Amino acid sequence: MKIKANYANEPIWRESIVHSKMPKDLKTLDEISHNLWWVWNYEATELFSKIDKALWAATEGNPVLQLQRLPYSRLEAITKDESMLKMIQIVYAKYHAYMQEPKRTDVPSIAYFSMEYGLSNILKIYSGGLGVLAGDYIKEASDMNVDLTAIGFLYRYGYFTQSLSMDGQQIANYEPQRFDHLPIEQVLDADGKPMILEVPYNNFVVYANVWLVNVGRVKLYLMDTDLDLNSEWDRSITHQLYGGNNENRLKQEYLLGIGGILLLEKLGIKKQVYHCNEGHAALINAQRLVNLIQKDNLKFSEALEVVKSSALYTCHTPVPAGHDYFEEPLFNKYMSQFPDKLGISWQDFMDMGRATPGSTEKFSMSVFALHTCQEANGVSYLHGEVSKKMFAPVWKGYFAPELHVGYVTNGVHMPTWAASEWRKCYEKHFDANFYNDQSNEDIWKKIFLVDDEEIWNVKLTMKNRLVKHIRESFKDNWLKNQGDPSKVISILEKINPNALLIGFGRRFATYKRAHLLFTDLDRLAKIVNNPQFPVQIIYTGKAHPADGGGQGLIKHIVEISHRPEFLGKIIFLENYDMRLAKRLISGVDVWLNTPTRPLEASGTSGEKAEMNGVLNFSVLDGWWYEGYQEGAGWALTEKRTYDNQQFQDELDAATIYSLLENEIIPLYFAKNSKGYSPEWIQYVKNSIAHIAPNYTTKRMFDDYINRFYAKLANRSKILQQNHFAKAKELAAWKENVAVNWDSIEVISVDIDHNLLNKGIEVGAIIKASLVLDKHEITGDLGVEVVRFHTDISSQTDVIKIYGMTKVKSEGSKEFYTIELKAAEAGSFKYGARIYPENKDLPHRMDFAYVKWINI
């Protein structure tokens, strides 16, 4: 027998984690580290940095991982350092006092559902604006002490980490998260074992671990399917945010909606209002309907009244293509069991997700949300108007301006996004109650009393910090990827804190027009190469891995930045995340935003810049359409000059160059003997005083309470009283109207057609009367005259409504009259429509039956 010279099987490893034992006196550090309260309290982050500055940087500001890796000798040294112990005590006392405040009872309780949450760069469960907005929102709920519980996913790989090849091609790297390194804790059951949520899909069950993130006083529960109980096919449901194909997207949205409600049940949590942050969460209402039918013995129509009355859908998407649609066979594969549970047909269930019932449209999560939520809103005034037009096909009897779709303009969590230097400035000069009254412009106006030099020193500190961050954080990667070390060193040396720094950071979608500044390279080269007035432009952002156009934009900008005339003047920073975002929005002078109007639903990066004395230069779209004020920033008009987008881009680019050359750059460099421009500081003060207070999440949350949450909670309570008596009554009335709607008969119409035919003079009185027979319909009918015309100057449709007065009833017959005065000249269209009236309806779209009649 020949004996092999070498033979060994593969190593078998078992992981063992060794942590430093936390001394008793330092246990409070561990408690603070596991609550994301530290993210927006700079005293806490300064404390962790002081414990071990190098380790704090190496862990990317992760206190859980820092404490795990901290040598025991350092822990022991801290216990003997009186100044450090005192600092720990002060921070913990602030944290403890914050956590002990009782929940407010004057605001409805809320269940909040979102696919992503941007809370900190170390917890990678976000991709961009939608997630950061959700993270800011629940931080604000904590600060306002609102009873809110949030539901989402704990992604194994999260969103991708971005790197760039030598030629500027984006490389998406999906790096697994180590859950034991994160400020989260696994939820346990009554026996002390990990809680397992069972979510019944069609003919199989998906199991999920449940994790808790303490976000100040708010609890965020995250589902995680990456466990051995699941098949490989199902383990990957929570692997990647927005990853996989359309089927995996449906599985994710099923888990968020159906699983999210089942999770709240398992935790014993009930809320007054259920808020879908985007259509991804719409299926929460499918499970809520099932629960009411199965547990409270309600009919489908009755359950729908209850569910709608307590549900809000927030849309963040300005175009139909951005919403989630599913082909009927795929949707049937996962949802076919629901019609039986609801007591309706498959066709009826599909129609709940279609703008046109009975059609072959795909199932739209957004339409389903509109059909199952009493209230809906866009995320800025302009986006609310765009959403009305986008959703108008759902309620065909009404015109877009009439729809109930409202808006709440997004805001940002000021304590998170204002740099600590700015916060200390505000705390020094503003009212002591500032954080609890952030929308009070009178408090912010005290910025005018702050010495210009103090403002400039804060600005200069932040600019130097940004430059230092770029030099320290990007040098190694650039040396590795750029190929020419001398070029990298040249770029690093040319980054100049004394230059006018312009920042552009956001998701690289083509509609955001990141290329706009490069329309005329010769003109741009003159702007950035003026030695008297140095200008540098810093870009950052990720493109979705499936978005070839967005990736092409990144590559194009990187290629331009490598040209000799732009080297060190145009800079692209890779791997845009919350950490880099905070450095950038606090360290530049101007924040540039150039979306194609009106495709920016809101945008919040510019709002973050506002909190840091950075001036916005943006298209009047999204939040800036409302926020812009002359003398506090710059704007490109919201009006289109050309239908051809290329021509419009060229015009907008020329306007940008002109404003830079003739206004922005001269203003910045009009410096006095102290090295700053007093006129520029005045712009900064105007911006902080008049714009910043209107774009915080404090104002935003107050708006949600006043516009939606309060009325939802009140109406829902009324519908549920006395074993759902009002809900049953309303459902029965709707059923009667629906069954008999086509039997409405117009008995007579009396109007002076001769007057209409020969033309009406301004000031003339038009009289009309109408007799209807509603036959078996119970309740009231409303009749109104609708006048329609197109305003030539603005090219907008103008609708005016004139209600007819019911003068008497005789049995099932009803008599209506109206007098109209011709108040203005022009060409108008008139029509009349009948609609059902009921004082218990929240708005017309809740029961959008309309019958147009010939007058």
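This report describes one helix contact and one sheet in a predicted model.

## Basis of the description

Residues are numbered from 1 along each chain as its sequence is written, and side-chain values use heavy atoms, without hydrogens and water. Because the model is predicted, local features need pLDDT of at least 70 and side-chain atom pairs count only at pLDDT 80 or more, whereas totals for chains, interfaces and linings use all residues.

## Helices α9 and α12

Helices (DSSP runs of H or I, at least four residues) and strands (runs of E, at least two) are numbered from the N terminus. The axes of α9 (residues 246-267) and α12 (residues 328-335) come within 11 Å and cross at roughly 40 degrees; axes are lines fitted to C-alpha atoms, for helices over the stretch in contact, with angles from 0 to 180 degrees between N-to-C directions. The helix α9 is therefore oblique to α12, a term for angles that are not under 35, over 145 or from 65 to 115 degrees.

The contact (heavy atoms within 4.5 Å) involves residues of α9 including Leu250 and Tyr254, and residues of α12 including Phe331 and Tyr334. The contact residues divide into 6 nonpolar, 1 polar and 3 charged; Ala, Val, Leu, Ile, Met, Phe, Trp, Tyr, Cys and Pro count as nonpolar, Asp, Glu, Lys and Arg as charged, and the others as polar.

## The four-stranded sheet

An open sheet of 4 strands follows the order β21-β22-β26-β25 with antiparallel pairing, where pairing requires at least two DSSP bridges between two strands. At the edges stand β21 (745-751) and β25 (805-810), each with a single partner strand, so one side of each lacks a neighbour in the sheet.

Between β21 and the antiparallel strand β22 (residues 765-773) there are 6 bridges. Val749 has Leu770 of β22 as its bridge partner.
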